[in-house]
Amino acid sequence: MTSRYLPGNRGWTKVKRRDTTEAIIGAITGTLTRPRLLILGRHDSMGRLRMVGRTVPLRPDQARQVAEHLTPAAPGHPWTGVRFASTWGSRDVLDAVLVRPEQVAEISADRAIDRGGVHRHPVRFKRLRLDVTADGVPSLGTGSAAAAG
């Protein structure tokens, strides 16, 4: 902490902190039988499901595991008509398939979160939390990767 920054010198070490937390799977890219990315949400203080991030592409074994538990969205899904940006700050839109917001994913995320509670960088899917219901997921603004909501 007392050393000076010297361009081109490797004296400093950058440490990226990642936390694990849970989020609700509200949509995917790809197909129900072969999901590619998960679009994740958390409930806000009014009980509305808000998008908080998306995963990096799933590995084949992860995609198979998730596909076994996905159900197509019923009419009245909270994200009907919502368009999701392909990357943070982008105008490009993901081709998303809405699913019933019942499954919970354990994710690993860094600390870069915007004011709306959205992760700036894609998160990493760790596993499905079949032991946790959507009601058991921390609300927007709480949990180990707390975001301002």
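**Figure 1. Burial and fold of the predicted protein chain.** Of the 149 residues in the protein chain, 40% are buried (under 20% relative accessible area, with a 1.4 Å probe and protein chains only). The chain has 1 helix and 6 strands, taken from DSSP runs (H or I of at least four residues for helices, E of at least two for strands). Their order from the N terminus is β-β-β-α-β-β-β. This is a predicted model, in which local features need pLDDT of at least 70 and side-chain atom pairs count only at pLDDT 80 or more, while totals for chains, interfaces and linings use all residues. Residues are numbered from 1 along each chain, and side-chain values use heavy atoms, without hydrogens or water.

**Figure 2. The largest nonpolar core.** Such a core is a set of buried Ala, Val, Leu, Ile, Met, Phe, Trp, Tyr and Cys residues joined through side-chain atoms within 4.5 Å. This one has 18 residues, and I25, L38, L40, V66, A105 and F125 have the most contacts inside it. At least two of its residues come from each of β1 (18–30), β2 (35–43), α1 (60–67), β5 (104–110) and β6 (124–128). Another core, of 12 residues, lies apart from it and includes I39, W79, V132 and A134.

**Figure 3. The aromatic pair of W79 and F84.** The whole structure contains 1 aromatic pair (ring centres within 6.5 Å; planes under 30 degrees apart stacked, over 60 edge-to-face, the rest tilted; Trp by its six-membered ring). The ring centres of W79 and F84 are 5.3 Å apart and their planes meet at 65 degrees, so the pair is edge-to-face. Both W79 and F84 are buried.

How values were computed. Buried < 20%, exposed > 50% of the residue type's maximum accessible area, 1.4 Å probe, protein only.
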